[in-house]
Amino acid sequence: QYSGYNVVMIGASAEVNLKATHYFKQVYPNHQLVFSIDGYVSITQQIFDQIVKSKPDVILVAMGCPKQDELLKDLSVRLKSGIGIGVGGVFDVWAQSVKRAPWLIRLMGLEWLFRIIKEPFRMKRILKSLKYFFK
């Protein structure tokens with residue numbers, strides 16, 4: 001019988017993380033949230049140990065590039081299985097702290113463009129992170 005996945009959520013502010021974990025539990029009741037922490041704490045050895053001990057199947061990280069990528073790389077050598085995903089602003093959407101793009105824009109796969117137009121200050125950070133994808 002399918003019992004769902006063990007999920008870890010790392011990132012966003014403490015308030016957004018709390019709201020996003022509540023959303024996750026409500027919308028995905030078949031999955032178990034086994035660990036969650038905001039993205040503004042230092043990831044210590046103790047936190048790494050807690051994550052490993054929770055035996056996650058899925059790790060969702062919303063810390064921005066390159067922090068989330070470095071964290072996922074560090075976790076990949078410590079975990080025996082599972083998948084890590086950099087989820088960008090998903091926690092903000094789940095916490096309803098940002099408004100989603102209109103349906104048609106999402107259907108076209110352009111929600112990222114909507115967010116950049118709405119929040120142009122993100123553009124500098126996005127351009128800086130592109131170098132990590134074209135090494």
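## A chat about charged pairs and a sheet

Guide: Welcome! This is a predicted model, and a good place to begin is a pair of residues: both E119 and R115 are buried.

Visitor: Okay, what do E119 and R115 form?

Guide: They form a salt bridge, with their closest N and O atoms 3.5 Å apart.

Visitor: How many salt bridges does the structure hold?

Guide: Three. One of them is the E119 and R115 pair. Another joins the side chains of K19 and E15, at 3.2 Å from N to O.

Visitor: Where are K19 and E15?

Guide: Both are in helix α1, which covers residues 14-27. They are four residues apart, so about one helical turn separates them.

Visitor: And is E15 buried or exposed?

Guide: E15 counts as exposed, at 54% relative accessibility. Its partner K19 is partly exposed, with a relative accessible area of 41%.

Visitor: Which side chain does E111 meet in a salt bridge?

Guide: That of R100, at 2.8 Å from N to O. This pair links distant parts of the chain, 11 residues apart: E111 is in helix α6 (residues 111-118), while R100 lies in the loop between α4 and α5. E111 is buried, with a relative accessible area of 18%, whereas R100 counts as partly exposed at 38%.

Visitor: Let's switch to D92. Where is that?

Guide: D92 is in helix α4, residues 90-94. It is buried, yet it has no salt bridge.

Visitor: Why no salt bridge for D92?

Guide: The nearest side chain of opposite charge, R115, is 4.2 Å away, and a salt bridge has to be within 4 Å, so this pair does not count.

Visitor: What is D92 in contact with?

Guide: Leaving aside neighbours within four places in sequence, D92 is in contact with V16, S97, V98, R115 and R122.

Visitor: New topic: in what order do the strands of the sheet come?

Guide: The order is β2-β1-β3-β4, in an open sheet with parallel pairing. At the edges are β2 (32-37) and β4 (83-86), each pairing on one side only. From one strand to the next, the twist averages 15 degrees.

Visitor: How many bridges join β1 to β3?

Guide: Five, between β1 (residues 6-11) and β3 (residues 58-62). For instance, I10 has V61 in β3 as its bridge partner.

Visitor: Which strands does helix α2 touch?

Guide: Helix α2 (residues 45-53) packs on the sheet and touches β1, β2 and β3. Its direction makes about 170 degrees with that of β2. Helix α3 (residues 67-78) also packs on the sheet, touching β1, β3 and β4, and its direction makes about 155 degrees with that of β3.

Key. Residues numbered from 1 in each chain as written. Predicted model: local features only at pLDDT ≥ 70, side-chain atom pairs only at ≥ 80, totals over all residues. Heavy atoms only, no water. Helix = DSSP H or I, 4+ residues; strand = E, 2+ residues; numbered from the N terminus. Buried < 20%, exposed > 50% of the residue type's maximum accessible area, 1.4 Å probe, protein only. Lys, Arg positive; Asp, Glu negative; His and termini not counted. Contact = heavy atoms within 4.5 Å. Pairing = 2+ DSSP bridges. Axes fitted to C-alpha atoms, helices over the stretch in contact; angles between N-to-C directions.
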